[in-house]
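Grab a viewer and work through these exercises with the model open. Each task comes with a step-by-step solution.

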Amino acid sequence: MTVDRILPTPESRDLIELVRELVAKEVAPRAAADEAAGRFPRELFTLLGSSGLLGLPYPEEHGGGAQPYEVYLQVIEELAAGWLAVGLGLSVHTLSCFPVAAYGDEEQRAALLPAMLGGELLGAYCLSEPQSGSDAAAMTTRAVADEAGFTVDGVKAWTTHGGVADFYTLIARTGQGISCFHVPATAEGLSFGAREKKMGMRSSPTAQVRFDAVRLGRDALVGAEGEGFRIAMAALDGGRLGIAACAVGLAQAAFDAASAYARERRQFGSRIVDFQGVGFMLADMATSIEAARALYLSAARLRDAGRPYGTRAAMAKLFATDACMKVTTDAVQVLGGYGYVEEFPVERYMREAKVLQIVEGTNQIQRLVIGRAVGKGTDL
Amino acid sequence: MNIVVCVKQVPDTATERKLRSDDKTLDRDAADGVVNELDEYAVEEALRLKEAHGGEVTVLTMGPAKATDTIRKALAMGADKAVHLSDDALHGSDALSTSYAMAQALKKIGFDLVILGSESTDARTGVLAAMLAERLGAPQLTLARKVEVDGSAIVIERITDYGYDKVEATLPAVVSVVEKINEPRYPSFKGIMAAKKKPVETLGIADASVDASAVGLAAAYSEVAEFSAAPPRAAGTVVKDEGDGGAKAADFLASKKFI
């Protein structure tokens, strides 16, 4: 079903039209087969890139689309409704570009951003480690400084696009705390673990990224030394909104499938949607999707207005992904036996939904973020 | 080369399409307007010819105010500028008077090559290219699956039941294309942004030297006498196999001209 959207400009309306056309013709038709085969659709990201979608929320002067988050996130939502791995891939890429765009010096921005935002390169974000997930500050990957630059040793885990990305945004320990680096995929000493065998999103590669005496120049450091943790957390604030938008898109796809089925399926002489037991489930699904959409858009508009939005981003991520898990689970229930088999997409949606409660900060961490803001008594 | 692509906004074939009960014309408000699919192939071919030979691509559309959406899409794909022929007096024009109004606009714009889709998904008369060529005194090269231009010479491959004919002419000419000709590009976001700054000229009938008495519903040579909703699909034909099932099935297919 086409979501009725309020968009701020004629060009953002045309942009959403373009995305819907791409989803209908290029993205959605191959999602099920590529998920079953575990095939990463690199060429789809090339198409998104040539369509100008890989740099939407960044300034035009460096090749971005200069779009507000309000618009960029609705693009993500539309893509995720067609195929979560593509919507989430775009969110991860955009997150990976954030440190250079927001904290890089003018030289770095001019040298790196046109290629990062221009559509040919795909990014990945290296923060988590095998022993350091929610407790990100416990990381052990280390970049040792010398006169010429840095030498990096360590292992990053759960990296989306690990092994297929063209650049890696790395958060690592240095002499002065935690720092952020831009690492090209061609760096010597960089290697990748086997692709994780996941419950869902099997087309999207997730792998360890290993740094074995990787040499980086001084110019690989993004922001000041010791500023990396702050950069990582700021990047995650935006990333959380991306995940919230993914969750709304995925939930919408599940709702569309379930509601279409319920209008068609007849039992006891009636459409099952007309049985209150099913109709109320669908009513709750539709309501939670709409609430989740309103929540991420509200946080996005705060960000677009230059106001603090981290707590709201955490709320949106928490609510939207929990709603998505519930909606996709209920979609399977509405389809009954048909929901549990691969001929229908909803079992895949349910498997895919689970990861959204985990990535970009587990939903327990989101509650921690919100709870801390409550504890401080600051404005939420 | 100065190329003009004619595009038409049509009701989305995925939505329910209706005629208006008052004047029996298409109800353009009842459905979402989209670019006629074959016209996207025409735009693509125009852009490819421009990329190969240089020049300029102008989009021409005739339609109500909301047809600007269609113009914006063609501009976002890469056309350079657009002319929107729009006037209440044009409402209800049939193919013949549409070709007259379009030809007047084309004369005003000037062209080396006019490209359009071979038919629209709404009226499906498929005659506009021929009518335009006649009115413009230019050769018509219709149903092209391939177009090649060399200087002022143009050669197309015209699809036929038996394969294709090679048709040659000299520019200026009118070409209609079929979907085999290319794969239309998607607009890009940069194209969408650039389209905002491209010139769109709106012409009323007076601006295009179109005689008001020769267009519109009153001047139409064809008239919709009456219309009714398509009947629901009738029950199918069951072929019972009594040893001759294959022959009967073949006869049925032959009667429908499938084989």
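**Exercise 1. Find the salt bridge between E157(B) and R145(B), and say where its two ends sit.**

Solution. Start with the distance: E157(B) and R145(B) pair through their side chains, N to O at 2.8 Å. That passes the salt-bridge test (a side-chain nitrogen of Lys or Arg within 4 Å of a carboxyl oxygen of Asp or Glu). Next, place the ends: E157(B) belongs to strand β8 (residues 153–160) of chain B and R145(B) to strand β7 (residues 140–150), so the bridge ties together parts 12 residues apart in sequence. Strands here are DSSP E runs of at least two residues, helices are H or I runs of at least four, and both are numbered from the N terminus. Finally, check accessibility: E157(B) is buried at 12% relative accessibility, while R145(B) is partly exposed at 29%. The cut-offs are under 20% for buried, over 50% for exposed and partly exposed in between (1.4 Å probe, protein chains only).

Some ground rules before moving on. This is a predicted model, where local features need pLDDT of at least 70, side-chain atom pairs count only at pLDDT 80 or more, and totals for chains, interfaces and linings use all residues. Residues are numbered from 1 along each chain as its sequence is written, chains are lettered from A and ligands numbered from 1 in the order in which they are written, and side-chain values use heavy atoms, with hydrogens and water left out.

**Exercise 2. Which parts of the chain does the pair E51(B) and R185(B) link?**

Solution. First, the bridge itself: the closest N and O atoms of E51(B) and R185(B) are 2.9 Å apart. Then trace the chain: E51(B) is in helix α1 (residues 37–53) of chain B, and R185(B) is in the loop between β10 (173–177) and α5, 134 residues away. As for accessibility, E51(B) is exposed at 53% and R185(B) partly exposed at 27%.

**Exercise 3. Describe the interface of chain B and chain A.**

Solution. Count contacts first (heavy atoms within 4.5 Å): 11 residues of chain B touch 17 of chain A. Now the area: the two chains bury about 1,200 Å² between them, 59% of it on carbon and sulfur atoms. Buried area is the accessible area (1.4 Å probe) that two parts lose on being put together, summed over both. Y186(B), F189(B) and I192(B) supply 55% of what chain B buries there, more than any other three residues. Then the charges: 3 salt bridges cross between the chains, including K196(B) to E11(A) at 3.0 Å between the closest N and O atoms. On the chain B side, α2 (68–77) and α5 (189–195) each give two or more residues, and α5(B) gives the most, with 4.

**Exercise 4. How many salt bridges are there between domain 2 and domain 3 of chain A?**

Solution. Set the bounds, which come from an automatic or database domain assignment: domain 2 covers 123–225 and domain 3 covers 229–376. The salt-bridge count between them is 0. They do touch, with 14 residues of domain 2 in contact with 12 of domain 3. About 970 Å² is buried between these domains, and carbon and sulfur atoms give 76% of that. Y125(A), M199(A) and M201(A) supply 39% of the area domain 2 buries against domain 3, more than any other three residues.

Definitions and conventions: Contact means heavy atoms within 4.5 Å.
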